[in-house]
Amino acid sequence: MKCLIIDAVHSSIAEEFSKYMQVDTHMLPTQEELAKLIPDYDVLIMRVDPAINKEILDAAKNLKVIGVCSVGLNHIDMDTAKAKGIQVFNAPGMNANAVAELTISKMLDLSRHTIPANYDVKVNKNWDKYKFVGRELRGKTLGILGFGRIGQRVGELGRAFKMNIVAYDPYLPAHVFEEQQATSMSIDDVLKTSDYVTIHMPLTPETKNLFNAKSIAEMKPDAVVLNMARGGIVNEKDMYEALKAGKIGGYASDVMENELAAGGLTEGATFDSPLFECDNFIVTPHLGAQSTDASRDIAELIISKVKEALSL
């Protein structure tokens, strides 16, 4: 058997699978490159790039298992994989704490203006504390859209800051909200009520452009939106216009709609957006799960699932 690893994953995956099969690495191939590579392989280990379409799966004559070292599966043609008998495993919950901690980090950064203050001191050589009067999280309302493992952990951390937690998740029973000390609300009520709204939902036809000019207008003018989920849930043009017009307090994101445009992951590639003009916008390059702890936990789960599927 042969295993192909196409993204940066924990070293334990290659170490363990090399006991049973040949393991090769080809970092971040394009869809066309992967379609040419995949015919010889029984196992594919990846994260979210490239999207696994029907053409790749049609070319994967020997493929038995895809191990996805992330949570979402919207980048894989699951119907075709199922029809071909290819088992697909992901790692739900293994990155929950890493993403939740990053969410709180961004809330604090926007609330206390730490990033522009750092720039002002290090680049402008200014030492002026009066320029950066912020606000505390204590006593504020935190709205969580998507109250799964990540959302619940964000709520737990928010409670430690003495925040009031409200949440939307139509798939959860009432007792979960009670156990998590959160008030269940509709999306509209979450938007109207919250000082901070954080997104932990998958990108689906229903959630695409969920945050647009209309929904942003329903929020408090000093509210902060955080997107730790998927680009496309926030309409970036509408968010840009709202930030420039002062209709919203800030936007923090770990994802962008076209984050892979122009080869965003390839060496020397550049990436740009009108949002970069906005002082109250902060962004990181989809590093929610980029912790050594989460990487290790994800690897352990994927290893066990693949070994079970292949009876290793």
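Here is a short tour of this structure, stop by stop, with something to select each time.

**Before you start**

The model is a predicted one, so local features are given where pLDDT is at least 70 and side-chain atom pairs count only at pLDDT 80 or more, while totals for chains, interfaces and linings use all residues. Residues are numbered from 1 along each chain as its sequence is written, and side-chain values use heavy atoms, with hydrogens and water left out.

**Stop 1: the sheet of five strands**

Colour by secondary structure; helices (H or I, at least four residues) and strands (E, at least two) are DSSP runs, numbered from the N terminus. Look for an open sheet of five parallel strands, ordered E2-E1-E3-E4-E5. Two strands pair if DSSP finds at least two bridges between them. Which strands stand at the edges? They are E2 (22-25) and E5 (87-89); each has a single partner strand, so one side of each lacks a neighbour in the sheet. On average, neighbouring strands here are turned by 15° against each other, direction ignored.

Now select residues 2-5 and 43-46. These are E1 and E3, a parallel pair with three bridges. Zoom in on Cys3 and you'll find Val43 of E3 opposite.

Next, show helix H12, residues 292-310. H12 lies across E3, E4 (65-68) and E5, and runs at about 170° to E4. For angles like this one, axes are lines fitted to C-alpha atoms, for helices over the stretch in contact, and the values run from 0 to 180 degrees between N-to-C directions. Contact means heavy atoms within 4.5 Å.

**Stop 2: a pair of charges, Asp42 and Lys64**

Select Asp42 and Lys64 as sticks. Their side chains form a salt bridge, at 2.4 Å from N to O. The term stands for a side-chain nitrogen of Lys or Arg within 4 Å of a carboxyl oxygen of Asp or Glu. This one links distant parts of the chain: Asp42 sits in the loop between H2 (31-37) and E3, and Lys64, 22 residues apart from it, in the loop between H3 (54-59) and E4.

Is Asp42 buried or exposed? Asp42 is buried, at a relative accessible area of 8%, whereas Lys64 is partly exposed at 35%. Buried means under 20% relative accessible area, exposed over 50%, and partly exposed in between (1.4 Å probe, protein chains only).

**Stop 3: more salt bridges**

How many salt bridges does the structure hold? There are 15. Try Arg138 and Glu136, whose closest N and O atoms are 3.0 Å apart. Arg138 is exposed, at 55% relative accessibility, and Glu136 is partly exposed, at 42%.

Then go to H12 again and pick Arg296 and Asp297, which meet in a salt bridge at 3.3 Å, N to O. Glu16, Lys19 and Lys307 are worth selecting together too: salt bridges that share partners join them into one network.

**Stop 4: the sheet of seven strands**

Move over to the other open sheet. Its seven strands are parallel and come in the order E8-E7-E6-E9-E10-E11-E12. At the edges stand E8 (183-184) and E12 (281-283); each has a single partner strand, so one side of each is left without a neighbour.

Select E6 (141-145) and E9 (196-199): they run parallel and are joined by four bridges. Gly143 has Val197 in E9 as its bridge partner. Stepping on, E9 and E10 also pair in parallel over four bridges, with Tyr196 partnered by Val224 in E10. E10 pairs with E11 over four bridges as well, and there Val225 stands opposite Tyr251.

Stay on E10 for a moment. In a regular strand the side chains alternate between the two faces of the sheet. Both faces of E10 are covered: Val224 and Leu226 on one side, and Val225 and Asn227 on the other, are all buried.

Bring in helix H5, residues 96-112. H5 lies across E6, E9, E10 (224-227), E11 (250-253) and E12, at about 150° to E11.

**Stop 5: Ile199**

Finish on Ile199, in E9. Ile199 is buried, at 0% relative accessibility. What does Ile199 touch, leaving out residues up to four places away in sequence? Its contacts include Leu145, Phe211, Val225, Leu226 and Ile233. Gly146 is 53 residues apart from Ile199 along the chain, and their C-alpha atoms are separated by 6.6 Å.
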